[in-house]
Amino acid sequence: MMAPNIIKKPALIGAFSGLGLALLIALLAWLNQGGREPLQTIANFIASVPMLLVAPFHMPGWLQILVFIVYWAIIGGTLGWLVGQMRPFHLGAAFLMVVGLIVAHRVTQ
């Protein structure tokens with residue numbers, strides 16, 4: 001049985017938003033090598049948790065970037081799905097997820 005479009009569409013929009021964020025941050029980090037501190041701070045904040053997850057495995061650089069992109073696609077898809085439900089519980093869970101992400105990224109930074 002296929003999921004209704006009301007569930008799929010917000011999750012896809014969220015996943016593509018997460019992909020867009022990941023690609024934008026990866027591009028900013030690449031363009032800003034040894035450059036401006038504010039851009040580097042933002043890139044470090046966004047990348048802190050995914051890079052902490054892959055650090056023990058000594059992965060090649062391209063694989064770390066792939067994990068970073070997949071991480072943000074999953075986060076975006078999950079948030080999109082939660083917000084797309086438009087129920088108070090799901091909206092509250094989305095809010096708590098965003099707060100948790102901010103705290104997790106701040107702690108690991």
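This report describes the fold, the nonpolar core, the surface and two loop residues of a predicted protein model.

Because the model is predicted, local features need pLDDT of at least 70 and side-chain atom pairs count only at pLDDT 80 or more, while totals for chains, interfaces and linings use all residues. Residues are numbered from 1 along each chain as its sequence is written, and side-chain values use heavy atoms, with hydrogens and water left out.

## Overall fold

The protein has 4 helices and 0 strands, in the order α-α-α-α along the sequence. Helices (H or I, at least four residues) and strands (E, at least two) are DSSP runs, numbered from the N terminus. The C-alpha atoms fill a box of roughly 45 × 25 × 25 Å along the principal axes.

Helix H3 has 25 residues and reaches 37 Å from its first C-alpha to its last, close to the expected 36 Å. The expected span is 1.5 Å times one less than the number of residues.

Contact means heavy atoms within 4.5 Å. Among contacts between residues at least 6 apart in sequence, 59% join residues at least 24 apart.

## Core

A residue is called buried under 20% relative accessible area, exposed over 50%, and partly exposed in between (1.4 Å probe, protein chains only). Of the 109 residues of the protein, 28% count as buried.

A nonpolar core is a set of buried Ala, Val, Leu, Ile, Met, Phe, Trp, Tyr and Cys residues joined through side-chain atoms within 4.5 Å. The largest nonpolar core here has 16 residues, and those with the most contacts inside it are Phe68, Tyr71, Trp72, Ile75, Leu79, Met97 and Leu101. Helices H1 (5-31), H2 (37-54), H3 (61-85) and H4 each supply at least two residues of this core. H3 gives the most, with 7 residues. In soluble globular proteins, nonpolar side chains tend to be buried together.

Leaving aside neighbours within four places in sequence, Met97 is in contact with Ile75, Thr78, Leu79 and Leu82. With the same neighbours left aside, His90 is in contact with Trp81, Leu82 and Gln85. His90 is found in H4 and counts as buried because its relative accessible area is 13%.

## Surface

The protein exposes about 7400 Å², and carbon and sulfur atoms supply 77% of this area. Accessible areas come from the Shrake-Rupley method with a 1.4 Å probe; for residues, only the protein chains shown count as cover.

Phe95, Leu96, Val99, Val103 and Val107 make a nonpolar surface patch of about 510 Å². Patches are made of residues with over 30% relative accessible area and no salt bridge; like charges are joined within 9 Å, and nonpolar side chains (Val, Leu, Ile, Met, Phe, Trp, Tyr) within 5 Å. A salt bridge is a side-chain nitrogen of Lys or Arg within 4 Å of a carboxyl oxygen of Asp or Glu. Leu96 is found in helix H4 (residues 88-108), and Leu96 counts as exposed because its relative accessibility is 59%.

## Two loop residues

His58 has a positive phi although it is not a glycine, and so does Met86. Met86 comes just after H3. The table gives their values.

| Residue | Loop | Phi | Relative accessibility |
|---|---|---|---|
| His58 | between H2 and H3 | about 50 degrees | 73%, exposed |
| Met86 | between H3 and H4 | about 55 degrees | 59%, exposed |
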